[in-house]
Amino acid sequence: MSAWYEYRHVVGFEETNLVGNVYYVNYLRWQGRCREMFLREHAPAVVDDLRAGLKLFTLRVDCEYLAELDAFDELRIRMSLTELTQTQLGLAFDYLRDGPGGLVPVARGNQRIACMREVAGQVVPTRVPTPLVRALAPYRATEGVTGRA
């Protein structure tokens, strides 16, 4: 098994700007989409828990751009777990363009997510759900796998 979850995407015209390259905010949207597809595929119990009141708050998000993307570029977004505490988790994202010579890094990003729940009218931190911890366990980043510690 890979040390990352991979989401594949083909860039559409609606994701480009007037110059023809991908508008920067789309990289952040793809992080969210990758995270959502991971939940759908590997942690459906967490999706049910979200409907029942669990909240996943994105506390921090960043993206470093390494190369430009254009319409119809084929992209792989690889997500891995970089940190897990009782109530929060850190995720790393590596963006790779499929090219004739192989995969080309085009960006990398991170997210910090807090698990919260409404209790007596207050939104308070809650433990990372066990099904999510289990689902993420195989995707823990290791040195040399995603280029990060």
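This passage looks at the inside of a predicted model, then at its cysteines and a patch on its surface.

Start with the core. In soluble globular proteins, nonpolar side chains tend to be buried together. Here, the largest nonpolar core has 33 residues, and Trp30, Phe38 and Tyr95 are the ones with the most contacts inside it. Two or more residues apiece come from β1 (5–10), α1 (25–42), β2 (54–65), β3 (74–84), β4 (88–99), β5 (102–119) and α3 (130–136). Of these, α1 gives the most, chipping in six residues. Trp30 gives a good feel for how such a residue is surrounded: leaving aside residues up to four places away in sequence, Trp30 touches His9, Val11, Glu15, Val22, Leu69, Leu75, Ile77 and Tyr95.

Next come the cysteines. The disulfide count is zero, and the distances show why for Cys34 and Cys115. A disulfide needs two cysteine sulfur atoms within 2.5 Å. For Cys34, the closest cysteine sulfur belongs to Cys63 and sits 12 Å away, so that pair is too far apart for a bond. Cys115 has its closest cysteine sulfur in Cys34, at 17 Å, which is also too far for a bond. Both cysteines are tucked away from the surface: Cys34 is buried at 0% relative accessibility, and Cys115 is buried with a relative accessible area of 0%.

Not everything nonpolar is hidden, though. Tyr23, Tyr24, Val25 and Tyr65 make a nonpolar surface patch of about 390 Å². Within that group, Tyr65 lies in strand β2 and counts as partly exposed, at 38% relative accessibility.

Definitions and conventions:
Residues numbered from 1 in each chain as written. Predicted model: local features only at pLDDT ≥ 70, side-chain atom pairs only at ≥ 80, totals over all residues. Heavy atoms only, no water. Core = buried A, V, L, I, M, F, W, Y, C linked by side-chain atoms within 4.5 Å. Buried < 20%, exposed > 50% of the residue type's maximum accessible area, 1.4 Å probe, protein only. Helix = DSSP H or I, 4+ residues; strand = E, 2+ residues; numbered from the N terminus. Contact = heavy atoms within 4.5 Å. Patch = residues over 30% accessible without salt bridge, like charges linked within 9 Å, V, L, I, M, F, W, Y side chains within 5 Å. Areas by Shrake-Rupley, 256 points an atom, 1.4 Å probe, with all protein chains shown as cover. Salt bridge = Lys/Arg side-chain N within 4 Å of Asp/Glu carboxyl O.
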